[in-house]
Every structure is written in C-alpha cells, then in structure tokens.
Amino acid sequence: MIEILALHAFDDNYIWLLRAGGHVAVVDPGDAAPVLRHLEASGDRLCAILATHHHGDHVGGLAELVTRFPVPVFGPLLEDIPGVTRALAGGERIELPQIGTEFEIIDVPGHTRGHIAYYGPTLGDDGALFCGDTLFGAGCGRLFEGTPAQMQESLAKLAALPAPTLVYCAHEYTQSNLRFAVAVEPDSIVVQRRSEDVAAERAAGRATIPTCIRTELDTNPFLRWDAPAVRAAAASRLGHMPADAVETFAAIREWKNRF
C-alpha cells in the first residue's frame, strides 16, 4: 500500500512523500530539512525526486538531497533545474519501482513555461495528480512565464481527468482562493458552502489538500470559464461579453491578481 504524506515547508508549501515498503519518493522538495527529518525519524530510504517546475520553493532542497542520496531526479524538459537526471515532456511515462506506481506526464505551461504535472491513474482508489502551482484548491497559479491561452489549455487538460482524481497541489491557498470564488459567483450555494467548510477546517488547523477534480469543477472559477455566472463576472471586468474561454479565464485571472 502506498501512503501519501504531507511535509510542511515555509509558510504554506506542501512537500509530498509517496511511501511504500520503507522507500519514499519526494515531490517538489523546496526545503531539504523536512525531508531529512522524516528520513531520520522513519528510517525510510529516499528513492526518487520529482520536480514540477524550477521555482526555488519547489527545488531549493534538491541539491542537498542529491548530495546525500544519489537518486533519480525527474523534472521538466523545458526548464533548467540543476540535478535533474531525467528531463520529461508531456506524454511520457515514468515508473517508480520501489514505490510500485507509475506516472503519466502532462505538460501544463502557464505558471512557468515548462511546468509539468505527474498523474498516477492507479495511485490509490481514485488516482492522484501532483500539479505543483498549476491548479490549486479553488484557484490556479499566477502567470509568471506563460500566457492566458497556455494556462487555460493546461487547466483544461487537468479538468478532463476523472472526476474523483485527488489533487495534490503545492500550497495551502484554498481559503483565500474561496474568498475570491465567492466574489466571482456570489449566488452559488455550492461555492459558499465550500468556503464555510474550508474556513472551519483551517480554524481547526486541518489541511484542505488534497482536493479532487470534481470539487474543483464545481467551485473553482478558473475551471468554470463556461459557467454563465463566471462569464458574466468576466464581462463586468472587460466591459463586454468574453469571446471565448481564454478571454474569460484571462479576465478572471487579472481580477484575482488585484483582488
């Protein structure tokens, strides 16, 4: 059985561990210290590192980890990440034999130009997605290097995954993102209920991640570009009805940037 464990880093980052049979693979180790503490306390052996993109809060701990543990390091083909031993592009598959699972690689540019996501269709009962900073609970990443068209297309790829798929993003942003989602769809009972539920979870000190694709389709404005209320919200920012999904997404993303 594969466990998925969350290690906390910085203010709101999650470093994800896949654990099985005394081995662990780590996703986006922005800080080596939490990983090293886990390895020391558990006796687990590091077997692989998976990076979604080049930002320091995702790969800052990589150099120290590979110095101590010469393990395979997977990362995006289109980004320069020192220490990566296998560069990946969308459509490829990788196996983690010590963990007993495999991933499909999905190209998801937008937040950065080469961002990738790791989708494990057989991981757990419902499948699992490790998507870095592309899709968040009720939100999406800022466009630092990509275009609205790229990000909307990337999100559409993730939205097309099976609805029960669990989403393991890299930040605990859900509560603040839902405040924005309520502003976009103030009449949505589903969004309001999720906002209240998440506020209660956070008040109790509990994580809101993983989420799932179904929940995001129902409540995340950045996946709801075809919803009439979201199109109307975009129109209120643009001064005209958006021509397509990309224009809707771009208007909502720009609004969120200033929210």
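Colleague: Let me start with a strand pair: which residue in β14 is the bridge partner of Leu166?

Modeller: Cys212 is the bridge partner of Leu166. The general rule is that two strands pair if DSSP finds at least two bridges between them; strands (E, at least two residues) and helices (H or I, at least four residues) are DSSP runs, numbered from the N terminus. Here, β13 (residues 166-169) and β14 are antiparallel and joined by two bridges. A word on the source: this is a predicted model, in which local features need pLDDT of at least 70 and side-chain atom pairs count only at pLDDT 80 or more, while totals for chains, interfaces and linings use all residues. Residues are numbered from 1 along each chain as its sequence is written, and side-chain values use heavy atoms, with hydrogens and water left out.

Colleague: In what order do the six strands of that open sheet lie?

Modeller: The order is β7-β8-β9-β10-β13-β14, and the pairing is mixed. β7 (93-96) and β14 (211-212) are the edge strands with a single partner each, so each has one side without a neighbour in the sheet. Helix α4 (residues 148-159) lies across β8 (101-107) and β10 (128-132), running at about 150 degrees to β8; such angles run from 0 to 180 degrees between N-to-C directions, with axes fitted to C-alpha atoms, for helices over the stretch in contact.

Colleague: How is the open sheet that holds β1 ordered?

Modeller: That sheet runs β1-β2-β3-β4-β5-β6, again six strands with mixed pairing. Its edges are β1 and β6 (86-88); each has a single partner strand, so one side of each lacks a neighbour in the sheet. Direction ignored, neighbouring strands are turned by 25 degrees against each other on average. Helix α1 (residues 32-42) packs on this sheet, touching β1, β2, β3 and β4 (45-50), and its direction makes about 130 degrees with that of β1; contact means heavy atoms within 4.5 Å.

Colleague: Which residues stand opposite Trp16 on its two sides?

Modeller: Trp16 in β2 is the bridge partner of Ala6, and Trp16 also stands opposite Val27 in β3. β1 (residues 3-9) and β2 are antiparallel, with seven bridges; their hairpin has three residues between the strands, including Phe10 with a positive phi of about 55 degrees. Five bridges join β2 to β3 (residues 23-27), also in the antiparallel sense, and that hairpin has two residues between the strands, with Gly21 in the turn at a positive phi of about 55 degrees.

Colleague: Why is β2 described as largely enclosed?

Modeller: Buried means under 20% relative accessible area, exposed over 50% and partly exposed in between (1.4 Å probe, protein chains only). Seven of the eight residues of β2 (residues 13-20) are buried, so the rest of the structure largely encloses this strand.

Colleague: And for helices, which residues of α8 are buried?

Modeller: In α8 (residues 228-238), they are Val230, Ala233, Ala234 and Ala235. α5 (174-184) and α9 (245-258) are among what covers them. Gly239, with a positive phi near 85 degrees, follows α8.

Colleague: At roughly what angle do α5 and α9 cross?

Modeller: Their axes cross at roughly 125 degrees and come within 11 Å. That makes α5 oblique to α9 (under 35 degrees is roughly parallel, over 145 roughly antiparallel, 65 to 115 roughly perpendicular, the rest oblique). At the contact, Asn177, Phe180, Ala183 and Val184 in α5 meet Ile252, Trp255 and Lys256 in α9.
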